[in-house]
Amino acid sequence: MHDLLLSHGSVHDGFGSPAKDADVAITRGRIVAVGRDLGPARRVIDVSGLVVAPGFVDPHSHSDTVPFLAEPQPFKLHQGVTTEIIGNCGFSCAPANPETAGFMPAVLADQAFTTFGEYLDAVWAAGPSNNLAVMVGHNTLRLAASGMEAKPTDEALDRMRVLAAEAFEAGAVGLSSGLEYVPGAYADTEELVALALVARRWNLPYATHMRSESEGLADALDEAITVATRAGVRLQVSHCKASGRAVHGSSAMLLAKLAEARRAGLDVRADVYPYRAFGTGLVAVL
């Protein structure tokens, strides 16, 4: 006997197949059958007229410190999101240098960890409400290795590579950059390629909050494509948009560049948030 039967739902398998009217049987927390006449269940829920789908993935989240809040935070689960990708826009909670952690966004600095593994262990111990896939941030690596210096020394860049490798070894799922924020804004393309090459050793992607999403959009996108192409990694364009009146209508150019890069062989994708306003720190405006 199954523990739970979801009856007569519109089932989507998550692979783009057409929806089908079916039952879903669950036993010991796992889906064991999809179809009709699946047998009895201890509990049956009629979901006629509703969609039954795999948990949604939020590809761009900043819930890095949510697991450390005092109370459980199931707000994403209530929206059907079961996995969040965090560590976006070049900032992660680790690896942090205590001497320069104060330059991190305040919410992250309050939960800064010396090593990436320590952060993951702390999140696990805190008991997150959903699955978290964590990237390591370029800004965080830069702060740990050379603080707010505009140009890192060769030794500092080597240190950034080592810290990135340690993060990937510990379980980081990619490298993120936030090139509108300091100190990441000081980095040149060569520095980004050097770190993306470390990610390549683990076959991990490069996700970028690009250097500009407004007047400099075209050049910023070209840079992102160059970094990923030269390093041989997948590219994720974060919150892909043409922001501000100066570039209204540039979405066609943006999509054309992404399509051209894909035709050239680059695995490039993008995420878009479903609202018109955006939020950031005041420092980005200044």
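**Notebook: a sheet and some whole-protein numbers**

I started with the secondary structure, and the protein has eight helices and 13 strands (DSSP runs numbered from the N terminus, H or I of at least four residues for helices, E of at least two for strands). Note to self: this is a predicted model, where local features need pLDDT of at least 70, side-chain atom pairs count only at pLDDT 80 or more, and totals for chains, interfaces and linings use all residues. Residues are numbered from 1 along each chain as its sequence is written, and side-chain values use heavy atoms, with hydrogens and water left out.

Next I looked up one sheet. It is open, with three strands in the order β6-β7-β8 and parallel pairing (a pair needs at least two DSSP bridges between the strands). β6 (56-58) and β8 (131-134) each have a single partner strand, so one side of each lacks a neighbour in the sheet. From one strand to the next, the twist averages 20 degrees (axes are lines fitted to C-alpha atoms, with angles from 0 to 180 degrees between N-to-C directions).

Then I zoomed in on β7 (residues 81-86), which runs parallel to β8 and is joined to it by four bridges. Which residue of β8 does E84 stand opposite? I found L132 there.

Last, the whole protein. I read 44% of the 286 residues as buried (under 20% relative accessible area, 1.4 Å probe, protein chains only). Of the contacts (heavy atoms within 4.5 Å) with a separation of 6 or more, 71% are between residues 24 or more positions apart. The C-alpha trace spans about 65 × 45 × 35 Å along its principal axes.

Key
Buried < 20%, exposed > 50% of the residue type's maximum accessible area, 1.4 Å probe, protein only.
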